[in-house]
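Reader: I'm new to reading structures like this one. Could we go through it together, one question at a time?

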Amino acid sequence: MSEFADQLLVLVMLINFLVLGSSRMAIAIRAVAVQGVVLGMLPAIIHSFSWHLVAIVIGMILAKGVFIPWLLFGAMHKVQIKREVEPFIGYVSTLLIGAITTALAFVFAAKLPLAPEHQGLLLVPASIATTITGFLTLTTRRKAISQVIGYLILENGIFIFGLLLTSAMPVMVEAGALLDLLVGIFVMGIVINHISNEFSSIDTSRLTALKE
Amino acid sequence: MTDILIHLLLTIFMPPLLLGVIGKTKAAFAGRVGAPFLQPYYDLAKLIRKGSVFSDTTTWIFRAGPIVTLAATLVAALLIPLGSHNSPVSFAGDMVLFAYLFALGRFFTTTAALDTGSSFEGMGAAREATFACLAEPTLFFTLMTLSRLSGSLSLTPMLTNLTVSLWFRAGAALILLVGGMFIVLLAENCRIPFDDPTTHLELTMIHEVMVLDHSGPAFAYILYGAAVKLFVIGAFFIHIALPIKTGNPLLDWGVFILSMLGLAVAIGVVESIMARLRLLRIPQLLVAACILSAFSMLLILR
Amino acid sequence: MFYSLVLLPIAGALLAWFTPSNRHRPLVLPVFALLHLTMVADAVISPPLPSPGGWIALDPIGKLFLATITLLFLACAFYAVGYLSYRQERSNRVLCMGLLVCLSAMTLVTISHHLGLLWVAIETTTLAMAPLIYFNRNARSIEATWKYMLICSVGIALALLGLFFLAYSTIVARQEVTLLLEPLIASANRLSPAWLNAAFIFLLVGFGTKMGLAPLHTWKPDAYGEAPGLVGALLAGGLVNCAFLAIIRVYQICMRADDTAFYHNAMIAMGLVSMAFAAVFVVRQADFKRMLAYSSVEHVGILAVALGLGGDALFGALFHVINNGLTKGVLFLSSGNIHRAYGSKNCEQVKGAFQRVPWSAGLFLAGFIAITGSPPFSPFLSEFTIISSIFGKGEMLTGALFLIFLAIIFLGMASSVLPVVMGKTSPAVVKSNYRDRLLTVAPPLFLMAIILMLGLWIPAPLRELLQQSAQLLEVRR
């Protein structure tokens, strides 16, 4: 089944490009939701059945596919965010940077001293590429909500690497990752609300009162 | 020998039919009856019979443009296998020739446009050149991926090597190629969402604006050349998207013709449901296509 | 026992949440701080407790950090009662609860010997602190909270990736896959070196963000500047130490690897860069709370350099953890008082605090003298140990840079602090009715007394504890 897993990982990387290249906030949020669901399905495909696994899969899909997009859309409507993403650098340039880093991720992953059973899997390059995409989104987008999206992609990238370990790691760390994500977004959402009340916009580039 | 004959006949006579099918699909979407399927043939016949007017300020380049473009496209059509049948001409490295025959045609179209000295045509030439620059890498990434998959540098083995079973082995990479090539197919043939072949506003045109000064037979060559180009790139695309092979030569021809008509319907649907993109967004989409095909190559090379 | 250490503050947090009166709620804090202190004292003195499954244990290093945190929290808890009586206009429910949740999480950091658990605890401190920084609810505190949340969350995410790398290094090396500290230390020399290096880098960057190592310190001045004084004290004295402890745990593993040169150099480089950043930004800093933030960046750098050096410097580093934590408590609490008394934290407006709030001003000055490493206070001893160890090892360049940065920071801080304390109050400054009171002065005074005492005399049990801890960090193969 690992071939099917590879196809899904390709989909994950395509979603990275979609987020980098799309100008509409709603597309980005939906894309991240789809990415979360795809990632949630991955453990079920690459590992054999166990109740622990079922819990992870259901938890992931509910959290990343339903709950977080719902929160983000809620924030978007409540604060009446404009639909445009408003990046610091243009879409084409971020897209190109994303493509180049993805290519480099493949080169880099081929050089890593992986365990023999993980050699040639798409997991490692996908993880690196997704993490970098998350960083890129986080740093090149002006709006608070886009930065949250970037953070989500970053977390997704880390989760992909975690898939190499799911059979060997206790459930607690995974739960912790999920929990942190949930609560983090939650707190961020509240902060976004307050940002909108105080500034009547959630453009973080306006947050410049504090600097040297 | 029959295959070659069928190949030549199809290449010469089928392309305008594709335009007719596209027009009919769009008409159906708009709730109209639409022009008959054979309308493009009538148009061509009418144009051929007309006389030509050439501006005094133009040189031989202007006259050569349509002819060279058509000739280049027809030669490219000889290089491409149709369906599961080998192409009439095939040699190692013909994929580069294939790509550059289109470039040659484009070069002559744009220089002919510049030769008129009209500002509109110059604008069209500039746009055409820009977008071609962005579309070309996609074509090359696709060719490289395919040659890697088949281990060959010639179009015929490269494209006939594609099978349904390959889709199960390298499905992700092939989906990416299909996505990238479909965008290039639309862009190269000046279809919506890149260019509107039926627009009447010069400022928004890309391809049409370059051929405003051509008339009569020269214009017929241009329209015919465009149709052949659509046919050739469409055939290329069909190889990747629908590599269906029955084994029976005659049945294969039927499959090929049907899939080409299906492609024309698909293009008509896309044209009906999409609006033309803003000019600024076109490079974005072309870069996306390029990334798709590059990513596909990455997956294959890995 | 361990569970009660962690659960006690949670119980306090629940109690604070359900206490209806805004006036009486802060009283929960000192009660639970005292209870926590006694339990910690008991746990530190009594013989080592059995550790459940190796996940939770109290080793000498943990004892050291736990004691520092609980002392600092005690001071902050009493201070909070005094401070919040001035801030009755605003509900302090979230603040009181957040403080206690944070105490619980910090306790968990010190006792957890499972790196995953440690990570979860650090994450909890990050989240619990966010609403506290936002206590003032104005535009500037939103900005500070947003930066804090975003940068620290990214840091924490990277640390998680680092943990994954660490676990993966055990897979590659065909060792038992675990994140428990003791098995990892035991098998460190058999782990895959490449993955261990990657894990170290990511964990250093991740926890370093939380700790405020340059260039990942950018959230620090904002958060420290905008948070209330007692939250600043806990951030600079508590959370920084927790993040440092996390780095120490990773370092403990790395020190058992075959080739440790990379880890030493990385720590020293990060430390020196932090000190350099602090030296650049502390000079002519117009806001004395932000100045304290850069001082924190400096001391984080000192800790990193000392940890990287190893040998005698380890004793200095661990001692400095206590000194820095407690001195930061003095500085933030007293500067909070001065801020209150003037309604400003700009050095242009705040001058001559001696006349208005003599006790706070005196404590601020004493804290400044202590934190810049002047005798007779204990930071002098720890910094001196570190410096002598640097030169003892013949690291002349590191030593020279270290001293130059210390000197620049001393001068830079002095030029801000002295006018604030000594200068003349300009008549234009608005009057305020804030004056020194027992509850807002006694807690920093208590911390100052400890620092002075440690500067003059280190009790034998503490010395022993420090030496035991330092031994745990020695390079051993």
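Reader: Let's start where chain A meets chain B: how many residues of chain A are in contact with chain B?

Author: Keep in mind that this is a predicted model. Contact here goes by C-beta atoms lying within 7 Å. On the chain B side, 12 residues take part, and the number for chain A is 13.

Reader: Which helix of chain A gives the most to the side that touches chain B?

Author: Two elements give two or more residues to that side of chain A: helix 1 (2-21) and helix 4 (91-111). By class, the side has 9 nonpolar, 3 polar and 1 charged residues. The top contributor, with 8 residues, is helix 4 of chain A.

Reader: And which chains have the most contacts between them?

Author: You can drop one pair right away, as no contact joins chain B and chain C. Their closest C-alpha atoms lie 22 Å apart. Among the 2 pairs of chains that touch, the most contacts are between chains A and C.

Reader: Now inside chain B: are helix 4 and helix 10 roughly parallel or antiparallel?

Author: Helix 4 covers residues 60-79 of chain B and helix 10 covers residues 216-241, and their axes come within 9 Å. Those axes cross at roughly 25 degrees. Angles under 35 degrees count as roughly parallel. So helix 4 of chain B and helix 10 of chain B are roughly parallel.

Reader: What is the handedness of that crossing, and how many nonpolar residues does the contact have?

Author: Helix 4 of chain B passes helix 10 of chain B in a left-handed crossing. Among the residues making the contact are B:Leu70 and B:Leu74 of helix 4 and B:Tyr221 and B:Val228 of helix 10. The residues there include 3 polar and 1 charged, and the nonpolar number is 12.

Reader: Over in chain C, are helix 5 and helix 10 roughly parallel or antiparallel?

Author: Helix 5 (residues 115-133) and helix 10 (residues 229-254) of chain C have axes 11 Å apart. They pack at an angle of about 165 degrees. Angles over 145 degrees count as roughly antiparallel. Therefore helix 5 of chain C and helix 10 of chain C are roughly antiparallel.

Reader: Which charged residue sits in that contact?

Author: By class, the contact of helix 5 of chain C with helix 10 of chain C has 12 nonpolar, 1 polar and 1 charged residues. Arg counts as charged. On the helix 10 side of chain C, the list includes C:Ala243, C:Ala246 and C:Arg249. The charged one is C:Arg249.

Reader: Last one: what pLDDT does chain C average?

Author: For the whole model, the scores are ipTM 0.88 and pTM 0.85. In chain C, 99% of the residues score at least 70, and the average pLDDT is 88.

Notes: Residues numbered from 1 in each chain as written. Chains lettered and ligands numbered in written order. Predicted model: local features only at pLDDT ≥ 70, side-chain atom pairs only at ≥ 80, totals over all residues. Axes fitted to C-alpha atoms, helices over the stretch in contact; angles between N-to-C directions. Helix = DSSP H or I, 4+ residues; strand = E, 2+ residues; numbered from the N terminus. Parallel < 35°, antiparallel > 145°, perpendicular 65-115°, else oblique. pLDDT = per-residue confidence, 0-100. Left-handed = near helix turned anticlockwise from the far one by under 90°.
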